[in-house]
Amino acid sequence: MSAIEISALKKSFGTGNPVLKSIDTSVDVGEMVALIGPSGSGKSTLLRHLSGLCVADRDSQSHITVNGRAVQSQGKLAADIRQTRAHIGCIFQQFNLVNRLSVLTNVVIGGLSRMPLYRS
């Protein structure tokens with residue numbers, strides 16, 4: 001089973017120049033992947049698609065699933081995207097971490113709102 005499935009992902013911005021051109025890939029459960037490329041090559045745009053923070057071009061036949069749940073299809077977010085996002089975490093390079101907290105605490109703090117107060 002794949003943890004991430006991406007097919008025919010295409011994204012263009014205002015200029016009409018495509019940033020992502022027909023991306024097809026999958027990541028298996030337990031597999032580790034690194035996105036490497038120069039600034040502006042589409043790494044963050046790809047990650048934003050995985051979490052449903054942006055959608056593919058509407059004229060594309062794109063489809064993205066994470067852990068077997070649809071994130072988006074043909075430029076439209078899945079109806080249950082909020083439930084799917086609750087199981088996806090991203091920290092982008094512009095994100096401001098709290099310096100006095102450890103990296104682990106900075107990462108898990110995002111889940112505290114879904115946890116009962118006595119457990120947090």
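Trainee: Why does Lys 10 count as partly exposed?

Mentor: Keep in mind that this is a predicted model. Lys 10 has 30% relative accessibility, and partly exposed covers what lies between under 20% (buried) and over 50% (exposed). So Lys 10 lands in the middle class.

Trainee: What makes the contact of Lys 10 and Asp 59 a salt bridge?

Mentor: Their side chains meet at 3.5 Å, N to O, and the cut-off is within 4 Å. So that pair qualifies. The two residues are 49 apart along the chain: Lys 10 sits in strand β1 (residues 2-12), while Asp 59 is in the loop between α1 (43-50) and β3 (63-66).

Trainee: And why is Asp 59 called exposed?

Mentor: Asp 59 comes in at 58% relative accessibility. Exposed starts at over 50%, so Asp 59 gets that label.

Trainee: How many salt bridges does the structure hold?

Mentor: There are 2. One of them joins the side chains of Asp 80 and Arg 69 at 2.9 Å, N to O. Asp 80 lies in the loop between β5 (76-77) and α2 (81-85) and Arg 69 in strand β4 (residues 69-73), so this bridge ties together parts 11 residues apart in sequence.

Trainee: How do you know that Arg 69 is partly exposed?

Mentor: Its value is 31% relative accessibility, and the exposed class needs over 50%. Asp 80 is partly exposed as well, at 30%.

Trainee: What makes Val 103 exposed?

Mentor: Val 103 has 62% relative accessibility, against a cut-off of over 50%, so exposed it is. Val 103 is in helix α3 (residues 103-108) and belongs to a nonpolar surface patch with Leu 104, Val 107 and Val 108, about 390 Å² of accessible area together.

Definitions and conventions:
Residues numbered from 1 in each chain as written. Predicted model: local features only at pLDDT ≥ 70, side-chain atom pairs only at ≥ 80, totals over all residues. Heavy atoms only, no water. Patch = residues over 30% accessible without salt bridge, like charges linked within 9 Å, V, L, I, M, F, W, Y side chains within 5 Å. Areas by Shrake-Rupley, 256 points an atom, 1.4 Å probe, with all protein chains shown as cover. Helix = DSSP H or I, 4+ residues; strand = E, 2+ residues; numbered from the N terminus. Buried < 20%, exposed > 50% of the residue type's maximum accessible area, 1.4 Å probe, protein only.
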